[in-house]
Every structure is written in C-alpha cells, then in structure tokens.
Amino acid sequence: MSDVSFSPSLMPGQLLARGVSRALRSHDFVSVEELVPTSGLRVDVMALGPKGEIWIIECKSSRADFQSDSKWQGYLEWCDRFFWAVDSDFPTELLPEETGLILADAYDGEIIRMGPETKLSPARRKVMMQRFARHAAVRAQAARDPGFVTAF
C-alpha cells in the first residue's frame with residue numbers, strides 16, 4: 001500500500017495521516033492533523049463525525065515508531081474511539097487488540113477493526129469540539145495566508 005514517491009516533502013506518518021483523513025471522509029468524518037488536546041499530548045489525526053463523534057487516530061510508520069510511543073493511553077480520555085493507522089507492512093500483532101485499526105497509505109485507508117466506544121462527558125466533548133474548530137480555522141487561515149503566524 002505504501003507509495004511515497006509523489007510527495008517527498010511529507011514524512012511517512014504524515015502520508016498515513018493524509019490517507020486516513022481521505023478514508024474518514026467516506027464515513028462522513030472531517031479531520032484535522034496534529035491537534036493538542038491538552039498540554040503534553042499531540043494527536044496525529046482527530047476526526048469529527050456527523051453526530052459529534054470524536055475519534056483519535058495515531059499513525060505509526062514503523063515498529064520503532066510504535067514502541068517509542070509511551071503517551072498513547074493518555075489520548076483515550078479525549079475521544080469516543082481510538083485507532084492506530086499503519087501501512088500494510090506494519091506488524092499489526094504489536095497493536096493492542098482493544099484498540100481500533102486502520103490500514104492506510106498516502107491515498108486511502110480502510111477500517112479493519114473498530115475501536116471500542118467510550119463516550120466523552122458533555123463537558124469534555126464541548127472542549128474538544130472547540131479545540132477542533134479553532135485548530136481547523138487556524139489551519140485554514142494559514143493555508144490562505146502564508147505570512148500568517150500561528151500560536152500552535
């Protein structure tokens with residue numbers, strides 16, 4: 001599934017994030033990349049569903065990338081569902097079975113295993129919706145105005 005030849009400026013994890021975001025659109029989810037839910041955490045992809053569902057997807061480009069991630073369990077309290085996104089060469093037996101799994105490449109992805117649902121509290125959902133909206137707005141403004149300076 002991996003083909004990075006068309007976009008050498010993006011890192012492998014960023015290519016996975018793009019494929020995941022494209023795949024999520026087919027499920028009526030919109031997404032942002034590199035969102036900070038709280039100090040010390042930065043998720044690769046946060047997706048917002050048509051009914052306000054919040055999914056977090058961590059993209060792992062290699063065994064070493066996964067094994068060096070000691071923060072992923074901290075993401076669980078910030079989403080309704082948690083997923084790993086990996087390419088077809090990744091050893092998926094390393095990933096915890098109680099998490100979701102998306103196989104992806106730079107072009108697309110497929111949900112292989114749905115992560116269990118743990119509903120956010122209304123207050124936490126409101127915080128995440130506001131962070132999502134502000135993050136998306138800043139990214140959109142930066143794309144329109146290359147001289148725009150962001151606080152992120």
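Two strands count as paired if DSSP finds at least two bridges between them. Keep that rule in mind for this predicted model. A hairpin is a good place to try it out. Strand 2 and strand 3 form a hairpin with five residues between the strands. Within this hairpin, Gly52 takes a positive phi near 85 degrees. The two strands are joined by four bridges and pair in the antiparallel sense. One of the pairs links Ala47 to Trp55, its bridge partner in strand 3.

Now look to the other neighbour of strand 2. Strand 1 and strand 2 run antiparallel, and five bridges join them. Here Ser31 stands opposite Ala47 in strand 2. Ala47 therefore has a partner on either hand: Ser31 in strand 1 and Trp55 in strand 3, and strands in a sheet pair through backbone hydrogen bonds, either parallel or antiparallel. Is strand 2 mostly covered or mostly open? Strand 2 is mostly covered, with six of its six residues buried. Buried means under 20% relative accessible area.

Step back to the whole sheet. It is open, has six strands and follows the order 1-2-3-4-5-6. The pairing is mixed. Which strands stand at the edges? They are strand 1 and strand 6, residues 109-113. Each has a single partner strand, so one side of each is left without a neighbour in the sheet. From one strand to the next, the twist averages 30 degrees.

Go to the far end of the order. Strand 5 covers residues 100-104. Strand 5 pairs with strand 6 in the antiparallel sense, over four bridges. Ile102 stands opposite Ile111 in strand 6. Both names return below, at the cavity.

Next come the helices. Helix 3 spans residues 122-144. Helix 3 lies across strand 1, strand 2 (43-48) and strand 3 (54-59). Its direction makes an angle of about 85 degrees with strand 1. Asp145 sits in the segment after helix 3. Asp145 counts as partly exposed because its relative accessibility is 36%, between the limits of 20% for buried and 50% for exposed. Asp145 and Ala104 are 41 residues apart in sequence. In space, 30 Å separates them, C-alpha to C-alpha.

Helix 1 covers residues 12-25. Ser21 is one of its residues. Is Ser21 buried or exposed? At 13% relative accessibility, Ser21 counts as buried. Leave aside its neighbours within four places in sequence, and Ser21 is in contact with Ser31, Glu33 and Val45. Ser31 is the residue that stands opposite Ala47.

A loop leads from helix 1 to strand 1 (30-35), and Asp28 is found in this loop. Its phi is near 70 degrees, a positive value in a residue other than glycine. Asp28 counts as partly exposed, because its relative accessibility is 45%. Glu34 also has a positive phi, about 55 degrees, although Glu34 is not a glycine. Glu34 is found in strand 1. With 30% relative accessibility, Glu34 counts as partly exposed.

Two spaces remain to visit. How many cavities of 30 Å³ or more does the structure hold? The structure holds one. The largest cavity has a volume of about 40 Å³. Its lining consists of Val20, Ala23, Leu24, His27, Ile102, Gly109, Glu110 and Ile111. Helix 1 and strand 6 each supply at least two residues of this lining. By class, five lining residues are nonpolar, two are polar and one is charged.

The other space is the largest pocket, with a volume of about 270 Å³. It is lined by 15 residues. Which of them are closest to its centre? They are Glu34, Arg42, Asp44, Glu58 and Cys59. Glu34 is the strand 1 residue with the positive phi. Helix 1, strand 1 and strand 3 are the elements that give two or more residues to the lining of the pocket. Helix 1 gives the most, with three residues. By class, the pocket lining has four nonpolar, three polar and eight charged residues.

Notes
Residues are numbered from 1 along each chain as its sequence is written. This is a predicted model: local features need pLDDT of at least 70, side-chain atom pairs count only at pLDDT 80 or more; totals for chains, interfaces and linings use all residues. Side-chain values use heavy atoms; hydrogens and water are left out. Buried means under 20% relative accessible area, exposed over 50%, partly exposed in between (1.4 Å probe, protein chains only). Axes are lines fitted to C-alpha atoms, for helices over the stretch in contact, and angles run from 0 to 180 degrees between N-to-C directions. Contact means heavy atoms within 4.5 Å. On a 1 Å grid over the protein atoms alone, a cavity is a set of points where a 1.4 Å probe fits but cannot get out, and a pocket is an open set with protein on both sides within 12 Å along at least five of seven lines; lining residues have an atom within 4 Å of a point. Grid points are joined across faces, edges and corners, and a volume is the space filled by probe spheres set on the points. Ala, Val, Leu, Ile, Met, Phe, Trp, Tyr, Cys and Pro count as nonpolar, Asp, Glu, Lys and Arg as charged, and the others, Gly among them, as polar.
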